[in-house]
Amino acid sequence: MDGGATTVLVVDDSRAKRYLLVSWLTRAGFATIEAENGAEALARVETDPVDLVVLDVRLPDLSGFEVCERIKERHPATPVIHVSAHAVDVVDRAHGLTRGADAYLSEPIEPEELVATAHAVLRYYQARQRAELLAERLAALADATVQMHAASTFVRLLQAAAAGAAQIFKSPAAVVAETFDGDCLAGVAAGPDAEPEVLPWAVNDTGVPIGATVRVDEPAAWGWIDWPAGDTVTVAAAKLREDRAPLYVVVPTSTQTVRTPVLVQLAQAVASAVEAQRSFDEEHRIAVTLQRSLLPRRLPEVAGLDLAVRYEPASARTEVGGDFYELVMLDGHLLMAIGDVAGHSLHAATVMAELRHAVRAYAVEGHQPGVILDRVNELMRTLLPNELATICVLLLHPASGLIRLASAGHLPALISADGRVEFVEQAAPLLGVRAPRPPDLEFVLPAGATLVLYTDGLIERRDATIDEGMAALGVVASRVDDDLDQFCQRLLVELAPPEIHDDVAVVAVRRH
C-alpha cells in the first residue's frame, strides 16, 4: 500500500496533541481519522478502514495498553504505535511492546521520527501480509494439484482446476484446455464456494509459444463468466510441446501480485495434469480396443432365441481386464460361456483369450460342459499354473429349451420368467484348483423365460455385500424389456456404479 492509500487512526484525549500528530501525518501523505478515547478508538477500528493506529498510552477511559491489546485480538494485521509523555521508562516500554504494540515513541516526538516509524512498521506489515498471502496461495496450489492428478476424467480435471484457481485467488476463475479428441473445454468457477461447471469454448491459439506466458486481456474475450466490474483479466498460458494446444488459466487482474508467481505455477501444474490425463485417455482407448478385439465380434442368429450382450471395461483403469463371454452355435446347440480371470493387466487379458479359445476348441470336439471345464482346468494347471479364473459354461438346445450347465466358482445364472427370478447355482472350485467337480446341472428354460449370465462387476459395490448385490439384481431382472438389448443396458444403468471399478460382462438369452 502506498502513502496516499494509507489511513492512520490518531487516538489522544488532548485536542492539541491530536492536531499536531494529524498535521505531521497529513503532510507526509497519510489520510487520518481521529478518536479522543479508547472506546471511540475501538469503534473506529471496527467501522473504518484503518491501516495504522497511533495511540496515546494514557486515555481517560481505558489504558492505551488495553486498547492496543483489544485491537490486536480483533485485527492482528493492524500495526500500533504507542506515544506517551508519561510512561517512558524501560518497564513501560516493555509492557507496551509485550501487549502488542509495534513501536513506542516518547514525547517530545519529532515529526520526522513519527513519519519514519510509521513507514517502517507499515513496510514490515506489508511484507508480512505478502508472505502470508503467498504461503496461503501455495498451500491452496498444492491442494489443487493433488485434486487435479486424482481426477478420473478430463471433465473432472477441469472442474478441479477451476475450483482450485478460485480457491487460490478467492475470485472467479476459468481454465481452458483441449481434450485428447481435440475438443476445447472450459472449466468455470464463479467464486471460491461455487460449484465448477464445464462448457465448450473456442480459443485462438495463434502465436502462443512453448513455455508459460502471462498477458492481460479485456474480460469480454472470456465472456462466459461474470468478472468483477472495472477490472481486466490476467491470462496465464502454458504449452508443453509444439504439437499440443496451450491451456489457459484466467483470473481477475486485481488478484495478482508482481510477476504472478502462483498463477504461473498453477498454469504449469494444470498443463502437467492435462498431459497426464491425455496420456491416460490414449492408453485407455488402446486398452479397450485391444480388449474388445479378444471378444466375439458378432452374435449368432438363432431361430427361437433372442440374444444380447453388454460389455463395459473398468472406467478408472488403463489396464485391460480378464472378463470374457462366448456365444456360438455348435452342432445345433448354443454354446454360452462367461468368465473372469483374476487381475487387471495385459497378462490377464491374454489368459482370458487362451481360456476362451480353449473352451471353444473342446466344445467343437463335442464335449459336454463339465468335461470342457475339466480339460480347460488341466490346461491351466499345466500351462498357466499360477492363474485362477471363474467360468460358467452351458449348452442350450433352442427347440426344447434343454440346458446342460457346469460352473467353476462363477456367480449363479439367473432365470427370469413371468415376473419371478430364480438363481441357478452350482458349487464348484475355481479353474486352476485341483479338486473334484460336481456333475453337470440339467434343466429346461421355459418358453418366454430369459437366462442371464454376468460377471461380478455388475453386482459388486464398495458399500454393499455380494448377497445384497444379487438381491438387487433379482429385483431389477424381474422385469425383462421387450428389447433384450435395452434390458441388458438397464441392468448396467441400475446396478453398476456410475464409475465402473471392475469390468462388467452381461449375456442374456430369451426363448420364444
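Which residues does Thr7 touch, not counting residues up to four places away in sequence? Select Thr7 and find out. This is a predicted model, where local features need pLDDT of at least 70, side-chain atom pairs count only at pLDDT 80 or more, and totals for chains, interfaces and linings use all residues. Residues are numbered from 1 along each chain as its sequence is written, and side-chain values use heavy atoms, with hydrogens and water left out.

**Stop 1: Thr7**

Thr7 sits in strand 1, residues 7–11. Helices (H or I, at least four residues) and strands (E, at least two) are DSSP runs, numbered from the N terminus. The contacts of Thr7 are Ala31, Ile33, Pro49, Val50, Asp51 and Leu52, where contact means heavy atoms within 4.5 Å. Thr7 counts as buried because its relative accessibility is 16%. The cut-offs: buried is under 20% relative accessible area, exposed is over 50%, and partly exposed is in between, with a 1.4 Å probe and protein chains only.

**Stop 2: helix 1 against helix 5**

Now select residues 15–27 (helix 1) and 111–150 (helix 5): the two pack at an angle of about 65°, with their axes 10 Å apart. Those axes are lines fitted to C-alpha atoms, for helices over the stretch in contact, and angles run from 0 to 180 degrees between N-to-C directions. The crossing of helix 1 and helix 5 is right-handed. By convention, right-handed has the near helix turned clockwise from the far one by less than a right angle, and left-handed has it anticlockwise.

Show side chains for Leu21, Trp24 and Leu25 in helix 1, and you'll see them meet Pro111, Leu114 and Val115 in helix 5. Sorted by class, this contact has six nonpolar residues, no polar and no charged ones. Ala, Val, Leu, Ile, Met, Phe, Trp, Tyr, Cys and Pro count as nonpolar, Asp, Glu, Lys and Arg as charged, and the others, Gly among them, as polar.

**Stop 3: backbone oddities**

Go to Pro108, in the loop between strand 5 (103–106) and helix 5. The peptide bond joining Glu107 and Pro108 is cis, with omega about 5°.

Next, pick Lys170, in the loop between helix 6 (154–169) and strand 6 (173–178). Phi of Lys170 is near 50°, a positive value in a residue other than glycine. Lys170 is partly exposed, because its relative accessible area is 47%.

Then jump to Asp418, in the loop between strand 17 (413–417) and strand 18 (420–424). Asp418 is not a glycine, yet its phi is positive, about 55°. With a relative accessible area of 72%, Asp418 is exposed.

**Stop 4: aromatic pairs**

How many aromatic pairs are there? The count comes to two. Rings of Phe, Tyr and Trp (its six-membered ring) pair if their centres lie within 6.5 Å; planes under 30 degrees apart count as stacked, over 60 as edge-to-face and the rest as tilted.

Select Tyr124 and Tyr125: the ring centres are 5.3 Å apart and the planes stand at 90°, so this pair is edge-to-face. Tyr124 is partly exposed at 48% relative accessible area, whereas Tyr125 is buried at 5%.

Then select Trp222 and Tyr248, a tilted pair with 5.7 Å centre to centre and 55° between the planes. This one links distant parts of the chain, 26 residues apart: Trp222 is in the loop between strand 9 (211–217) and strand 10 (233–239), and Tyr248 is in strand 11 (residues 247–252). Both Trp222 and Tyr248 are buried.

**Stop 5: Ala236**

Stay in the area of Tyr248 and pick Ala236, which lies in strand 10. Leaving out residues up to four places away in sequence, Ala236 touches Thr213, Val214, Leu247, Tyr248, Val249, Leu263 and Ala267. Ala236 is buried, with a relative accessible area of 1%. For a distance check, put a label between the C-alpha atoms of Ala236 and Thr260: 24 residues apart along the chain, they are separated by 8.9 Å.

**Stop 6: Pro296**

Last pick: Pro296, in the loop between helix 7 (261–293) and strand 12 (305–312). Pro296 counts as buried at 15% relative accessibility. Neighbours within four places in sequence aside, Pro296 is in contact with Tyr325, Glu326 and Arg356. Its C-alpha atom is 22 Å from that of Leu431, which is 135 residues away along the chain.
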